[in-house]
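Here is a short briefing to read alongside the model on your screen. Keep the structure open and follow the bullets from topic to topic.

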Amino acid sequence: MTVSGNRSLSLSGEALSMLPIETKTVTIKCASGTRNTATWAGIPILELLSAADVSDETTHLVVESDGGYRMCVDIRAALDGLLAFFRDGTPILECEPYETRFITPGVDGARTVKAVALLEARHLSPSADPESVEEISREEEYSA
């Protein structure tokens with residue numbers, strides 16, 4: 001996985017396993033309208049961004065999956081998030097075909113990126129549309 005700020009870090013599974021783990025209970029609202037509450041455990045996004053020396057000017061975080069799905073979230077929302085490896089105490093990989101998921105409170109389920117490959121700090125002007133940096137296919141957009 002890569003974290004891009006003032007410097008770019010490529011973090012292996014071993015490097016990730018050495019970072020602190022945090023647990024959060026987050027409710028995800030799915031496109032169907034159902035809500036799923038789970039306890040997620042993983043590396044705080046703030047920890048990952050600090051390691052990449054992200055600028056104070058950062059306004060958004062682009063999160064990209066290994067399949068190219070990208071979403072852009074306001075940095076304030078992202079800083080409450082996790083690069084999660086566990087859901088309700090079980091490794092995600094035991095239940096899903098991916099190991100990680102970007103989880104943050106207040107972000108719709110379709111925007112919680114699965115199989116995270118890249119976290120990229122961005123500074124967008126106030127007039128910029130954050131969706132202009134996203135690549136969300138219709139199929140992925142509606143599935144949580």
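How many bridges join strand 3 to strand 4, and do the two run parallel or antiparallel? Eight bridges join them, and the two strands, residues 22-29 and residues 35-44, run antiparallel. Please keep in mind that this is a predicted model. The mean pLDDT of the protein chain is 88, and a mixed sheet, two nonpolar cores and a network of salt bridges are described below.

**The hairpin and its neighbour**

- Strand 3 and strand 4 form a hairpin, with five residues between them.
- Gly33 sits in that turn and has a positive phi of about 100°.
- To find the register, start at Thr25, whose bridge partner in strand 4 is Thr39.
- Another pair of threonines to look for is Thr27 and Thr37, with Thr37 standing opposite Thr27 in strand 4.
- Strand 4 also pairs with strand 7 (residues 82-87): five bridges join the two, and they run antiparallel.
- In that pairing, Gly42 has Ala84 of strand 7 as its bridge partner.
- Back on strand 3, Glu22 forms a salt bridge with Lys24, with the closest N and O atoms 3.7 Å apart.
- Glu22 counts as partly exposed, at 31% relative accessibility.

**The open sheet**

- Five strands make up an open sheet in the order 2-1-10-5-6, and their pairing is mixed.
- Strand 2 (8-10) and strand 6 stand at the edges with a single partner strand each, so one side of each has no neighbour in the sheet.
- On average, neighbouring strands of this sheet are turned by 15° against each other, direction ignored.
- Strand 1 (residues 2-4) runs parallel to strand 10, and three bridges join them.
- For a landmark in this pairing, take Thr2, whose bridge partner in strand 10 is Leu118.
- As a general reminder, side chains in a regular strand alternate between the two faces of the sheet.

**The nonpolar cores**

- The largest nonpolar core has 26 residues, and Leu48, Leu61, Phe102 and Leu119 touch the most other members.
- Two or more residues of this core come from each of helix 2 (45-51), strand 5 (60-65), strand 6 (70-74), helix 3 (75-78), strand 7 and strand 10 (116-122).
- A second, separate core has ten residues, among them Trp40, Leu82, Ile92 and Ala115.
- Which residues does Leu119 contact, leaving aside its neighbours within four places in sequence? They are Met1, Thr2, Val3, Ser4, Ile45, Leu48, Leu61, Val62 and Val63.

**Salt bridges**

- Side chains of opposite charge can pair when their charged atoms come close.
- The structure holds five salt bridges.
- Glu64, Arg70, Glu120 and Arg122 are linked in a network of them.
- Within this network, the side chains of Arg70 and Glu64 meet at 3.1 Å, N to O.
- Is Arg70 buried or exposed? Arg70 is buried, with a relative accessible area of 12%.
- Its partner Glu64 is buried as well, with a relative accessible area of 19%.
- Arg70 also meets Glu120 in a salt bridge, at 3.8 Å from N to O.
- Glu120 lies in strand 10 and Arg70 in strand 6, so this pair ties together parts that are 50 residues apart in sequence.
- Glu120 counts as buried too, at 18% relative accessibility.

**Around Pro130**

- Pro130 lies in the loop between strand 10 and helix 4 (138-141).
- Pro130 is partly exposed, with a relative accessible area of 24%.
- Leaving aside neighbours within four places in sequence, Pro130 is in contact with His60, Cys72 and Leu124.
- Pro130 and Val62 are 68 residues apart along the chain, and their C-alpha atoms are separated by 9.0 Å.

**How confident is the prediction?**

- Along with the mean pLDDT of 88, 93% of the residues of the chain reach 70 or more.
- Over residues 137-144, the pLDDT is below 50.
- Beyond near neighbours in sequence, this stretch, residues 137-144, has twelve contacts in the model.
- Where pLDDT is low, the predicted coordinates should not be read in detail.

Terms used: Residues numbered from 1 in each chain as written. Predicted model: local features only at pLDDT ≥ 70, side-chain atom pairs only at ≥ 80, totals over all residues. Heavy atoms only, no water. Pairing = 2+ DSSP bridges. Helix = DSSP H or I, 4+ residues; strand = E, 2+ residues; numbered from the N terminus. Core = buried A, V, L, I, M, F, W, Y, C linked by side-chain atoms within 4.5 Å. Buried < 20%, exposed > 50% of the residue type's maximum accessible area, 1.4 Å probe, protein only. Contact = heavy atoms within 4.5 Å. pLDDT = per-residue confidence, 0-100. Axes fitted to C-alpha atoms, helices over the stretch in contact; angles between N-to-C directions. Salt bridge = Lys/Arg side-chain N within 4 Å of Asp/Glu carboxyl O.
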